[in-house]
Amino acid sequence: MIRVQPQDFDVGAEIAALTRDRHGIGGVVSFVGLVRDMAPVAGTDTKIGAMTLEHYPGMTEKQLSAIEDEANGRWPLEASLIVHRYGRLEPGARIVLVVCAAAHRQDAFDACNFLIDWLKTKAPFWKLEETGDAGHWVAARDGDDAAAARWQAPKDDAAE
């Protein structure tokens, strides 16, 4: 299930709704991303007043759905959920919720890690951090790309 929305979400209520009446679930793993009050800007930690997330409606949901489908294809999940906010968010605000439920905990852990890594690199969101009188667009980070790379499907040497 995918939702892109400006309003906040209740983590406990979301997990309860996702798992209700699903008795094959043996483990639930969740991740909540928050707006930090500091961020690296030009090599130094800089105070963040707020972050504005922008997206293209329709395109964003389509890409998030494809990422979720990929996770469900790789792991035997009983349920999954991605809730991603947009708009202006202040430090401490929830940005994203990812929940994976599976019969076995390792599948839930792996799928949740995969979803977070791929959301950071493949989801079409643009982030503007407010820093004092200025703002700057957040660029892709090498560490995020490296984390996502571990999930790339191995090449089929026989096909070459």
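Which residue in S7 is the bridge partner of Thr52? Before I answer, please keep in mind throughout this talk that what we are looking at is a predicted model. The partner of Thr52 is Arg88, and this pairing belongs to a place where S5 and S7 run antiparallel and are joined by three bridges.

Let me step back to the sheet around that pair. S7 and S5 are part of an open sheet of four strands, and the order, with antiparallel pairing, is S7-S5-S9-S10. At the edges of this sheet we find S7 and strand S10, residues 134-137, each of which pairs on one side only. If we ignore direction, neighbouring strands of the sheet are turned against each other by 25 degrees on average.

Now I would like to stay with Arg88, since its side chain also appears among the salt bridges. A general point may help here: side chains of opposite charge can pair when their charged atoms come close. Arg88 forms a salt bridge with Glu90, and the closest N and O atoms of that pair are 3.3 Å apart. Arg88 also meets the side chain of Glu130 in a salt bridge, with a distance of 2.9 Å from N to O. This second pair links distant parts of the chain, because Glu130 sits in strand S9, residues 125-131, while Arg88 sits in strand S7, residues 87-89, and 42 residues separate them. As for the surroundings, Arg88 is partly exposed with a relative accessible area of 48%, Glu90 is partly exposed, also at 48%, and Glu130 counts as partly exposed at 25%.

How many salt bridges are there by this rule? The count comes to six. Another one of them is found between Arg74 and Glu70, whose closest N and O atoms are 2.7 Å apart. Both of these residues lie in helix H2, four residues apart, which is about one turn of the helix. Arg74 counts as partly exposed at 29% relative accessibility, and Glu70 is partly exposed as well, with a relative accessible area of 31%.

From the charged pairs, let us turn to a residue in the interior. Is His84 buried or exposed? His84, which is found in strand S6, residues 77-85, has a relative accessible area of 7% and is therefore buried, the limit for that word being under 20%. Leaving aside its neighbours within four places in sequence, His84 is in contact with Arg3, Val4, Gln5, Leu53, Ile95, Val96 and Phe125.

At the surface, there is a nonpolar patch of about 460 Å², and the residues that make it are Tyr56, Met59, Trp126 and Trp137. One of these, Tyr56, is found in the loop between strand S5, residues 50-55, and helix H2, residues 59-74.

Finally, I want to point out one detail of the backbone. Most residues other than glycine have a negative phi. Asp21, however, has a positive phi of about 65 degrees although it is not a glycine. Where does Asp21 lie? Asp21 is in the loop between helix H1, residues 11-19, and strand S2, residues 27-34, and with a relative accessible area of 66% Asp21 is exposed.

Methods. Residues numbered from 1 in each chain as written. Predicted model: local features only at pLDDT ≥ 70, side-chain atom pairs only at ≥ 80, totals over all residues. Heavy atoms only, no water. Patch = residues over 30% accessible without salt bridge, like charges linked within 9 Å, V, L, I, M, F, W, Y side chains within 5 Å. Areas by Shrake-Rupley, 256 points an atom, 1.4 Å probe, with all protein chains shown as cover. Salt bridge = Lys/Arg side-chain N within 4 Å of Asp/Glu carboxyl O. Helix = DSSP H or I, 4+ residues; strand = E, 2+ residues; numbered from the N terminus. Buried < 20%, exposed > 50% of the residue type's maximum accessible area, 1.4 Å probe, protein only. Contact = heavy atoms within 4.5 Å. Pairing = 2+ DSSP bridges. Axes fitted to C-alpha atoms, helices over the stretch in contact; angles between N-to-C directions.
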